[in-house]
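Work through the exercises below with the sequence and the model side by side, and try each task before reading its solution.

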Amino acid sequence: MASLQGPRAPLEFGGPLGAAGLLLLLPATMFHLLLVARSGPARLLGPPPYLPGLEVLWSPRALLLLLTWLGLQAALYLLPARKVAEGQELKDKSRLCYPINGNLIYDFFLGRELNPRICSFDFKYFCELRPGLIGWVFINLALLVQEAEQRGSPSLAMWLVNGFQLLYVGDALWHEEAILTTMDITHDGFGFMLAFGDLAWVPFTYSLQAQFLLYHPQPLGLPMAAVICLINAIGYYIFRGANSQKNTFRKNPSDPSVSGLETIPTATGRQLLVSGWWGMVRHPNYLGDLIMALAWSLPCGVSHLLPYFYVLYFTALLVHREARDERQCLQKYGRAWQEYCRRVPYRILPYIY
Ligand code: NDP
């Protein structure tokens with residue numbers, strides 16, 4: 001197995017102190033959001049609602065359901081009838097690093113191992129796509145059914161939120177192979193950040209809009225619904241166009257759909273796209289993702305901040321992620337990356353950021 005951090009790997013997420021803070025902050029935020037969504041005033045920035053007692057939080061039936069869900073996903077993951085795709089070349093292909101002085105909290109948060117596996121069972125890859133992402137869709141669906149039971153039929157807002165997020169998850173599963181080139185797989189270790197993020201944070205906080213709608217129904221007219229659908233379609237078009245263009249280019253630069261694009265050569269032998277989506281801003285896929293995030297919140301109206309938590313959090317996550325990626329690309333490509341930044345000056349939002 002490959003060790004992630006070499007002796008001189010720069011510390012991320014504010015080092016051990018930042019990692020310790022996030023270890024506490026992430027689960028606390030998740031619980032806070034879930035409790036606020038169920039509370040009457042649903043005030044995101046208000047005092048934390050009363051924490052239910054342990055007897056409410058602990059349920060052997062819920063634990064059994066969770067273990068069954070994970071077991072089912074693991075069984076499906078191990079089915080022999082599947083395509084096997086090759087991952088990216090490991091960064092440490094030439095030599096292994098053996099850091100002596102690790103930091104327990106930092107390593108626990110970021111993960112020490114890049115690709116922990118037992119035989120062909122890859123823990124990180126399994127967690128990234130299956131139990132949490134599909135679980136998010138099932139939680140949304142359960143909330144839709146519950147709304148139908150309570151009010152006779154699901155609201156238009158609930159249909160939109162369910163439809164948009166189903167499209168997003170379906171897209172991720174359809175383009176499953178593309179995950180092999182993402183930062184999560186190629187750069188980040190498998191620690192608390194990804195395990196908690198994939199298994200708890202994603203299904204429970206990404207379904208916040210549907211949870212909010214169940215407890216706080218919002219009226220939504222057809223014209224506004226049409227506008228929101230258009231916003232989601234624009235976001236998806238940019239997101240899918242940019243991701244597919246880069247994936248196709250990385251897999252086969254002479255593919256007819258990308259062979260005509262302008263590129264910058266780099267010392268590594270790889271090239272950087274400098275026209276098409278990747279000539280508009282340096283992270284067009286993030287832009288599309290953020291536009292979709294906005295479309296997921298708009299069906300919840302503008303009376304509460306809570307359903308917009310995802311847009312706010314996701315903006316912070318992608319701005320931070322973009323900075324991390326830029327640092328890595330500068331290290332990888334040096335002058336060629338500087339030239340790319342000169343040619344494409346904006347990071348995510350044209351003419352603004
Ligand atoms: P990206 O798919 O944006 O990949 C970044 C890498 O692309 C770079 O490291 C570089 O790698 C390559 N690259 C950058 N610029 C160029 C260029 N001009 N030409 C060719 N290659 C280039 O990384 P992410 O993993 O951050 O994102 C993947 C998707 O996942 C995004 O759409 C993002 O929005 C989404 N996402 C969603 C999250 C969620 O919670 N919903 C969380 C995180 C991400 P190299 O040169 O080595 O190929």
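**Exercise 1: one helix**

Compare the span of helix α7 (residues 156-174) with the expected span. Helix α7 has 19 residues, and from its first C-alpha to its last it reaches 26 Å, close to the 27 Å expected at 1.5 Å a residue, where the expected span is 1.5 Å times one less than the number of residues. Helices (H or I, at least four residues) and strands (E, at least two) are DSSP runs, numbered from the N terminus.

This is a predicted model, in which local features need pLDDT of at least 70, side-chain atom pairs count only at pLDDT 80 or more, and totals for chains, interfaces and linings use all residues. Residues are numbered from 1 along each chain as its sequence is written, and side-chain values use heavy atoms, leaving out hydrogens and water.

**Exercise 2: its buried side**

Find which residues of α7 are buried and what they pack against. Buried means under 20% relative accessible area (1.4 Å probe, protein chains only), and the buried residues include M158, V161, F164, Q165 and Y168. These buried residues pack against α6 (131-151), α10 (208-215), α11 (222-251), α12 (284-297) and α13 (309-333), with contact meaning heavy atoms within 4.5 Å.

**Exercise 3: the whole chain**

Describe the protein chain as a whole. Its secondary structure comes to 14 helices and four strands. The radius of gyration, taken over C-alpha atoms, is 21 Å, close to the 20 Å that the globule rule (2.2 Å times the number of residues to the power 0.38) gives for 353 residues, so the chain is as compact as a globular protein of that length. Of the 353 residues, 46% count as buried.

Note on methods: Buried means under 20% relative accessible area, exposed over 50%, partly exposed in between (1.4 Å probe, protein chains only).
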